[in-house]
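Visitor: I'm new to this one. Could you take me in for a close look at a single part, the salt bridges?

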Amino acid sequence: MRINRKKQLGKHAVISGIRMPQLRCTRVSESDILRRASLALCACLLFTAVFVGCGTEASDEPVDPNRLQVMASFYTMYDFAQKIGGEHVQVTCMVPSGTEPHDWEPSTKDITRMEQADVFIYNGAGMEHWVSDVLAGLSNKKLISVEASQGVSLLRSAEEEDGHDHEAAHADEDEEDSHDHDDADAEDAVHEEDAADRVVAAAPDGHDAHEHGEYDPHVWLDPMNAKQEMQNICEAFSEADPEHRADYQANYEKWAKQLDELDKTYQTTLENLSERNIVVAHEAYGYLCRRYNLTQVSIEGMSPDSEPDPGRMADIIDFVRANNVRAIFFEELSGSRTAETVAAETGVKLLTLSPLEGLSDRQEETGGDYFSVMEENLQQLTEALR
């Protein structure tokens with residue numbers, strides 16, 4: 001876990017109330033009535049927008065000075081913070097509900113809130129490309145920031161792995177030209193070590209390697225990684241609020257047990273399925289696949305708005321046909337255009353699979369959270385692979 005401290009400025013701002021005009025009994029025309037009704041409706045909508053906020057956001061909720069003020073970068077960090085903090089924390093989700101977080105950047109309003117916060121929680125591993133610049137510019141020196149993915153063994157992204165392979169190939173050619181294939185055994189040993197590094201890499205100590213797309217950031221889709229992230233959040237809350245350390249630890253132990261149970265359910269459900277390939281729109285499921293011995297084939301790259309070229313689309317279609325793939329997975333938040341194209345070309349069905357970067361409207365309406373969405377994902381995987 002990485003913890004940074006920054007100085008806190010001023011007191012928390014509290015939103016003032018809205019004074020409504022007094023009503024007077026006067027004679028008005030029908031048009032006046034309609035106009036006033038419209039204004040009243042607009043006022044009500046404004047009131048709702050200000051005080052209710054957007055979905056999981058705690059946007060303009062009045063600050064409670066008796067609770068730890070926490071900023072969470074996107075939905076999963078928000079959910080984990082709520083679960084660990086319980087009644088002792090007030091959490092603001094920075095990325096608005098229904099927004100895909102990969103290319104999102106904080107507004108001036110978000111920075112102002114961070115200046116007033118006690119704890120800032122972000123995933124790291126390259127998920128939030130804006131973090132280093134924002135933290136460097138804050139005046140809040142008492143802020144405790146925690147990179148939740150610290151301690152997780154990271155996977156290299158497919159783009160990074162492909163680039164690494166290309167560079168290695170050229171290095172091999174140069175080595176052969178200059179040394180006429182001398183020391184071949186030594187070279188083979190080095191290349192084997194490099195191949196292992198491309199598959200899995202331990203989290204570096206600094207942020208620099210995390211910020212250039214080198215690693216897959218979607219660590220939370222492995223329940224054991226989610227447990228590590230919750231532990232890091234628990235430690236940060238305990239440091240910021242030692243008085244309630246026992247409560248934070250008890251909450252962590254409760255949810256850690258449920259993560260163990262979720263992992264066991266995934267293991268027992270997926271281990272005997274004959275099909276092991278999943279074709280997905282967004283390259284987000286590497287950790288889930290590593291944990292449960294599945295193979296991810298992605299249409300798009302690490303960012304769900306990246307566009308595959310025609311050659312990539314043709315390769316995916318050929319793979320689906322050759323490997324008896326039964327379903328193409330898409331995500332509710334980022335749409336399904338490329339997945340629909342592959343499904344139409346191959347005649348297979350479309351299913352949803354969530355990377356848990358945010359909740360869909362449907363999931364919000366039904367009170368969804370990390371566990372319910374992971375259970376939905378398991379049902380969808382079972383349907384596709386059985």
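Guide: Here is a walk through the salt bridges, with a little background on the way. This is a predicted model, where local features need pLDDT of at least 70, side-chain atom pairs count only at pLDDT 80 or more, and totals for chains, interfaces and linings use all residues. Residues are numbered from 1 along each chain as its sequence is written, and side-chain values use heavy atoms, with hydrogens and water left out.

A salt bridge here is a side-chain nitrogen of Lys or Arg within 4 Å of a carboxyl oxygen of Asp or Glu; by that rule there are eleven. Let's start with Lys83 and Asp369, whose closest N and O atoms sit 2.8 Å apart. That pair links distant parts of the chain, 286 residues apart: Lys83 is in helix H2, while Asp369 is in the loop between helix H12 and helix H13. Helices, by the way, are DSSP runs of H or I with at least four residues, numbered from the N terminus. Lys83 is buried (under 20% relative accessible area, using a 1.4 Å probe and protein chains only), at 10%. Asp369 counts as buried too, at 18%. Asp79 joins Lys83 and Asp369 in a network of salt bridges.

Next, look at Glu376 and Arg362, with closest N and O atoms 3.3 Å apart. Glu376 lies in helix H13 and Arg362 in helix H12, so this bridge ties together parts 14 residues apart in sequence. Glu376 is partly exposed at 24%, and so is Arg362 at 36%; partly exposed means between buried and exposed, the latter being over 50%.

Methods: Helices (H or I, at least four residues) and strands (E, at least two) are DSSP runs, numbered from the N terminus.
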